[in-house]
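Reader: I should like to study this protein by means of questions and answers. May we begin once the structure is in view?

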Amino acid sequence: MDDALAFSALVLALSGQLVQEIHTSVSQQGFEDLRPAHGFAFARISVGGATTGDLAEHLGVTKQAAAQLVEELVRKGYVERHPHPHDARARLLGLTETGWAATRAADQAARAAVAPWREVLGQARFSELVADLTLLAPPGPIRPAW
């Protein structure tokens, strides 16, 4: 396997493992009604300024699919809609306290999930890996601003 294919396969395998570990931990912390797709939505909503259209773009789904997801999260008590200050037709999405609690649980789970990676690589190499991945990550509203 060439390096490009190996890199792709490894990043996909690690990301799948990471998503599953975070989801399992979040579920065990009392958020059994959430799915991994909800976590990707929370990541965008938590930085603020997101409409359903923004969420659709972030998730790579239709506006109708994003609207259904938002409705589900509102019904479950994780998300609320607020008036948009510049567009009377749009609504800004925000996390409720329950949504923030689930986000904190996911953050804690993410730290725990990557702890073994940090241990294997050592702090210096792990920090270098984070720096390298930051160079490769696409720009956008959820990209960390280290």
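Reader: Which residue meets Glu 97 in a salt bridge?

Author: The model under discussion is a predicted one. Side chains of opposite charge can pair when their charged atoms come close. In this case the N to O distance is 2.7 Å, which is within the 4 Å allowed for a salt bridge. The partner of Glu 97 is Arg 104.

Reader: Is Glu 97 buried or exposed?

Author: A residue counts as exposed when its relative accessible area is over 50%. Glu 97 has a relative accessibility of 54%. Its partner Arg 104, at 45%, is partly exposed, whereas Glu 97 itself is exposed.

Reader: How many salt bridges does the structure hold?

Author: The pair of Glu 97 and Arg 104 is one salt bridge, and the pair of Arg 81 and Glu 71 is another. Glu 72 also forms a salt bridge, with Arg 35. For the structure, the number of salt bridges is five.

Reader: Which parts of the chain are linked by the pair of Glu 72 and Arg 35?

Author: The closest N and O atoms of Glu 72 and Arg 35 are 3.0 Å apart. The two residues are 37 positions apart along the chain, so that the pair links distant parts of it. Glu 72 belongs to helix 4, and Arg 35 to the loop between helix 1 and helix 2.

Reader: Is Glu 72 buried or exposed?

Author: The cut-off for a buried residue is a relative accessible area under 20%. Arg 35, at 40%, is partly exposed. Glu 72, at 13%, falls under the cut-off and is therefore buried.

Reader: Which residue is linked with Arg 35 and Glu 72 in a network of salt bridges?

Author: Arg 35 and Glu 72 form a salt bridge with each other. They also belong to a network of salt bridges that includes a further residue. That residue is Lys 76.

Reader: How far apart are the C-alpha atoms of Glu 71 and Arg 81?

Author: The side chains of Glu 71 and Arg 81 meet in a salt bridge, with 2.7 Å from N to O. Arg 81 lies in strand 1 and Glu 71 in helix 4, so the salt bridge ties together parts that are ten residues apart in sequence. Arg 81 is partly exposed at 38%, and Glu 71 is partly exposed at 37%. The separation of their C-alpha atoms is 9.8 Å.

Reader: Where is Ala 90 found, and is this residue buried or exposed?

Author: Ala 90 is found in the loop between strand 1 (79-83) and strand 2 (91-95). Its C-alpha atom is separated by 47 Å from that of Asp 2, which is 88 residues away along the chain. With a relative accessible area of 15%, Ala 90 is buried.

Reader: What pattern does the protein follow along the sequence?

Author: The secondary structure comes to six helices and two strands. The C-alpha trace spans about 50 × 30 × 30 Å along its principal axes, and 24% of the 146 residues count as buried. Read along the sequence, the pattern is α-α-α-α-β-β-α-α.

Reader: Why are helix 2 and helix 3 called oblique to each other?

Author: Two packed helices are described by the angle between their axes and the distance between the axes. Helix 2 (residues 36-45) and helix 3 (residues 52-59) have axes 10 Å apart, and their crossing is right-handed. An angle over 145 degrees would count as roughly antiparallel, and one from 65 to 115 as roughly perpendicular. The angle of helix 2 and helix 3 fits neither range, and the pair is therefore oblique, at about 125 degrees.

Reader: At what angle do helix 5 and helix 6 cross?

Author: The axes of helix 5 (residues 97-121) and helix 6 come within 6 Å. Helix 5 is oblique to helix 6, and their crossing is right-handed. The angle is roughly 120 degrees.

Reader: Which helix gives the largest share of the nonpolar patch?

Author: The nonpolar surface patch of about 590 Å² is made by Phe 7, Val 11, Leu 129, Leu 133, Leu 135 and Leu 136. Helix 1 (3-28) and helix 6 (123-136) are the elements that give two or more residues to the patch. Phe 7 lies in helix 1 and is partly exposed, at 44%. The largest share, four residues, comes from helix 6.

Technical notes:
Residues are numbered from 1 along each chain as its sequence is written. This is a predicted model: local features need pLDDT of at least 70, side-chain atom pairs count only at pLDDT 80 or more; totals for chains, interfaces and linings use all residues. Side-chain values use heavy atoms; hydrogens and water are left out. Patches are made of residues with over 30% relative accessible area and no salt bridge: like charges are joined within 9 Å, nonpolar side chains (Val, Leu, Ile, Met, Phe, Trp, Tyr) within 5 Å. Accessible areas come from the Shrake-Rupley method with a 1.4 Å probe; for residues, only the protein chains shown count as cover. Buried means under 20% relative accessible area, exposed over 50%, partly exposed in between (1.4 Å probe, protein chains only). Axes are lines fitted to C-alpha atoms, for helices over the stretch in contact, and angles run from 0 to 180 degrees between N-to-C directions. Angles under 35 degrees count as roughly parallel, over 145 as roughly antiparallel, 65 to 115 as roughly perpendicular and the rest as oblique. A crossing is left-handed if the near helix is turned anticlockwise from the far one by less than a right angle, and right-handed if clockwise.
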